[in-house]
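Please look over the sequence and the model shown here. A short report on selected features comes after them.

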Amino acid sequence: MAEKKLSGEVYYPSKEVLEYANAKCESLYEFASKDPVAFWESEAKNLYWSKPWTKVLDDSNKPFYKWFVGAETNIAYNCLDVHVKTARRNKLALIWEGENGEFRSFSYFALHRETCRFANVLRSLGVKKGDRVTLYMGRIPELMIGMLACARIGAIHSVVYGGFSVEALHERLEDSQSKVLIVADGSFQRGKIVELKKIADEALQRAATVESVLVVKRTGHQINMEFGRDMWYHELMNLPIANNNECLEMVDAEHPLFLLYTSGTTGKPKAILHTHGGYMVGTYTTLKYVFDIHEEDRYWCAADPGWITGHSYIVYGPLLNGATSFMYEGAPNYPYPHRWWQMIEKYGINILYTAPTAIRGLMRFGDAWPNRYNLASLRLLGSVGEPINPEAWRWYYKVIGKERCPIMDTWWQTETGMFMITPMPCTPLKPGSGTKPFPGIVADVVDENGNPVKPNEEGYLVIKTPWPSMLRTIWNDPDRYVNQYWSKYPGMYMTGDSARKDEDGYFWVIGRVDDVIKVSGYRLGTAEIESALVSHPAVAEAAAIGLPHELKGNAIHCFVLLKTGYEKSDKLVDELKQHVAHEVGPIAKPEHIEIVDSLPKTRSGKIMRRVLKARALGIDPGNLSTLEE
Ligand code: 6R9
């Protein structure tokens with residue numbers, strides 16, 4: 001690959017990077033392109049299965065694909081027990097720093113012990129295989145322990161991001177019919193306490209299925225404990241029920257591992273379902289080759305475990321690879337913009353994986369902050385969540401990576417479970433491009449009719465063959481799974497993104513073509529913001545759109561029609577912003593709300609967000625034939 005001259009701004013890997021890398025690009029691409037299924041099978045053989053598969057891929061009932069048919073395994077066993085049986089027993093699995101400077105670390109032995117104990121606690125509370133357990137907390141080790149404990153006993157975890165609020169949590173508890181909620185008393189965010197338990201109490205008033213609430217003490221402030229329902233995690237973990245008994249259940253490869261709610265085109269957030277077997281193979285393989293995990297590495301994915309990036313690449317991927325992961329609780333620039341760089345030096349981080357919004361945010365404080373620290377331990381950098389603008393890419397490459405560290409710009413989704421379009425260390429890079437599909441992945445850019453577009457033309461990004469860590473369905477809504485992802489072009493997975501492919505076959509993801517807005521890399525739906533707005537007594541109708549924002553990538557702009565009797569005022573606009581933050585979460589707080597007299601609609605009454613967006617940007621709104629007035 002390196003022999004061909006590529007067009008545009010290209011960064012070739014150094015000899016050192018090439019020699020050190022796990023992935024020998026050419027041979028991997030060659031093997032996988034000849035026979036993707038055989039490629040995944042060969043990777044699966046690196047993991048433990050208590051019963052082998054009879055078939056790798058069953059595509060007899062498309063699009064309900066099955067992987068590793070007939071096999072039994074448990075992802076948590078592969079994350080922990082496998083390593084505890086080797087010299088990795090004493091290796092650090094997790095290094096954690098709290099925002100307030102607290103420090104904790106867990107060897108593989110310790111993480112295994114805590115997970116087993118907590119799995120026993122869950123079982124003693126009546127949690128059985130297939131039951132749903134919701135977790136709602138900040139970036140703390142107990143989140144990881146809780147997820148792994150659920151996996152051990154075959155329970156299905158549903159992590160709700162700690163930045164979400166009452167209505168978002170309530171909806172997710174309700175939809176998943178969770179039996180247990182694991183919540184922290186609070187979390188630290190820029191020195192302030194986010195009152196997680198208080199938010200949960202409000203959400204629980206309307207969530208009928210939750211029988212027990214386990215409370216992890218983090219902030220230690222005064223909270224309400226409801227007798228008979230709420231129990232302290234640390235007290236339960238000190239009871240004889242929390243013994244180290246293995247507490248493990250081998251499950252079918254297709255057994256559900258977790259639900260993760262994400263925003264879709266319309267309506268309520270949907271729960272994406274991932275399974276033990278295929279998800280395990282996908283996250284293990286991609287992390288190994290893309291972030292090139294070596295035994296001595298200290299790897300830091302700065303995402304939140306509440307999002308897919310945290311699930312796949314803080315929890316499962318690193319542990320499956322026996323890696324040492326670093327987790328930091330707080331904000332990147334708290335108390336000062338040197339926090340991240342200081343921790344990279346302090347802990348000797350080798351791999352840093354973060355989002356463009358964080359890079360832009362830190363870039364704005366200037367080079368002096370990172371330059372005060374020794375960042376020589378860094379070997380690889382990563383980016384995820386939205387397209388990275390070339391200026392941010394170059395800053396990250398030069399100022400943080402000192403022109404030594406390749407940047408892995410990984411394109412993927414909650415639904416895909418793992419990296420899909422991504423470089424490996426051996427790939428020549430172009431700033432802003434995710435380069436090529438990972439070995440075994442067949443992606444393309446197509447037009448309205450599903451035909452490939454010409455080089456450099458924009459089209460829909462699709463995936464043409466199944467992959468092991470693909471979503472299996474939408475929880476409780478298989479029809480929506482089929483309609484949303486597989487119906488536009490039969491046999492092709494519709495990503496919801498637009499992209500172009502250049503003359504070298506490099507992919508450039510442009511952005512969402514549906515009503516999903518990526519704000520600071522977080523995925524939100526216009527529908528969630530709009531329904532929060534109309535739940536306010538003053539609002540008759542609302543429309544939300546995303547407009548470009550220098551730091552956040554996109555920011556939320558809303559158009560609101562008031563009910564009669566309500567007057568337009570700055571105070572009301574502020575109140576509406578607060579209302580959205582309270583209902584959905586601070587991350588969804590609109591940047592701007594405009595009170596309007598009418599909203600552009602189709603004759604069937606659908607709000608034409610595209611028209612609002614074009615107007616706001618001062619561009620041509622395109623075809624207006626369906627507009628009502
Ligand atoms: C992992 C994650 C998925 C959407 C996806 C796309 C955008 C993610 C990207 C990227 C350009 C990248 N996206 N990574 N766009 N380059 N490297 O973010 O999952 O929250 O489900 O969002 O994010 O628009 O469709 P999720």
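The sections below take up the basis of the model, one helix, the nonpolar cores and the ligand site.

## Basis

This is a predicted model, in which local features need pLDDT of at least 70 and side-chain atom pairs count only at pLDDT 80 or more, while totals for chains, interfaces and linings use all residues. Residues are numbered from 1 along each chain as its sequence is written, and side-chain values use heavy atoms, with hydrogens and water left out.

## Helix H5

Helix H5 covers residues 108-124, and because each residue should add 1.5 Å, its 17 residues are expected to span 24 Å, which agrees with the 24 Å between its end C-alpha atoms. Of these 17 residues, 13 are buried (under 20% relative accessible area, 1.4 Å probe, protein chains only). Just after H5, Gly-126 adopts a positive phi of about 95°.

## Nonpolar cores

The largest nonpolar core (buried Ala, Val, Leu, Ile, Met, Phe, Trp, Tyr and Cys residues joined through side-chain atoms within 4.5 Å) holds 161 residues, among which Phe-291 and Tyr-316 touch the most other members. Helix H6 (residues 141-152) gives the most to this core, with 8 residues.

A second, separate core has 31 residues, including Trp-300 and Trp-340.

## Ligand site

The ligand is surrounded by 17 residues (a heavy atom within 4 Å), and the closest are Asp-409, Thr-414, Asp-497, Lys-518 and Arg-523. A polar side-chain atom of Asp-497 lies 2.7 Å from a ligand oxygen atom, and a side-chain N or O atom of Arg-512 is 2.8 Å from an oxygen atom of the ligand. A polar backbone atom of Gly-385 is 3.1 Å from a ligand nitrogen atom.

How values were computed. Helix = DSSP H or I, 4+ residues; strand = E, 2+ residues; numbered from the N terminus. Expected span 1.5 Å × (residues − 1). Buried < 20%, exposed > 50% of the residue type's maximum accessible area, 1.4 Å probe, protein only. Polar contact = N/O pair within 3.5 Å; in protein donor to acceptor, adjacent residues only side chain to side chain.
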